[in-house]
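Reader: I am new to this structure and would be grateful for a close look at a single part of it. Could you please take me through the aromatic rings and what surrounds them?

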Amino acid sequence: GNTRTYVQGINEKCELMTDRLRISENNNQNEGAPHIEFMNDDWFVAGYLSTANNDNDASYAVGVQASMTAGQATVEKMWHTKVVAPSNIGRPSFVNAGPNRAFFCAAQGNNRPPEDGVACALINTMTGEVLHEELVAKSDPNANIYFNQPTVAALGNGMFAVQVLESNGLGKKNNIKGSNTPHLYAFKVTEDAFFQMAYANKVGAYPTHSSICSGEYGEKGLMHVAVMGA
């Protein structure tokens, strides 16, 4: 009930270099499911889910700067932005999207599973400004279709892969688990819109949780995305 999210700097030997810094802002609520990505130089973006009662749940992004002065390392919170709301089960996932940009996704909706679906946003990493945001996978509660658990990977040249899980909303009852179906999208991301460029369905079998990663593969070193699921 009072989970909090922190950052702390370490060196290449995993030795502590800085004091612990709390980046979540509500003392008495569940604020966890953290994610962090390196941006450039000494700059990072972190994200977490807040279930603060007075906030109606939200997924946040936080700008974090690491610095070294006179041999003393520090980490400092530079900005704090509510990105996806409501976000009852947000669990944010995001990647570096080029100079001063991050591509951020989280589940959107008041309920579990989320009745809205999965929303993504392009963020200015220097200021925290949300430049563009839209639902990329829309739930349909009337048809028992719920989209949740996004994971994101960069594909280069302004392209990003987003995987989401489709649930029938039955959860786990009487030792019988509801079904999950993975969906994989590729989007061209701009500051005005997200354009769906490719789509694949049922990549993996009935995953409960899953993730994706990307990288160059094969003799020609072409960019690929890989799906890993449990």
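Author: In this predicted model, the aromatic pairs number 7. One of them joins Tyr185 and Tyr199, whose ring centres lie 5.1 Å apart with an angle of 45° between the planes. The pair counts as tilted because this angle is neither under 30 degrees, as for stacked rings, nor over 60, as for edge-to-face rings. Tyr185 belongs to strand S15 (residues 180–189) and Tyr199 to strand S16 (residues 194–201), so the contact links distant parts of the chain, 14 residues apart.

The two partners may also be described by their accessibility. Tyr185 has a relative accessibility of 8% and is therefore buried, the limit being under 20%. Tyr199, with a relative accessible area of 40%, is partly exposed, because this value falls between that limit and the 50% above which a residue is exposed.

Ring pairs also connect Phe103, Phe160 and Phe194 into a cluster. Another ring, that of Tyr6, has a charged partner: Arg20 lies over its face, 4.1 Å from the ring centre.

Phe160 of the cluster falls within strand S12 (residues 159–167), which pairs with S11 in the antiparallel sense over 8 bridges. Within this pairing, Thr151 stands opposite Gln163 of S12. The two strands form a hairpin with 2 residues between them, and Asn157 in the turn has a positive phi of about 55°. Strand S11 (residues 146–156) has 9 of its 11 residues buried, so the rest of the structure largely encloses this strand.

Key
Residues numbered from 1 in each chain as written. Predicted model: local features only at pLDDT ≥ 70, side-chain atom pairs only at ≥ 80, totals over all residues. Heavy atoms only, no water. Phe/Tyr/Trp six-rings, centres within 6.5 Å; stacked < 30°, edge-to-face > 60°. Helix = DSSP H or I, 4+ residues; strand = E, 2+ residues; numbered from the N terminus. Buried < 20%, exposed > 50% of the residue type's maximum accessible area, 1.4 Å probe, protein only. Lys NZ or Arg CZ within 6 Å of the ring centre and 35° of its normal. Pairing = 2+ DSSP bridges.
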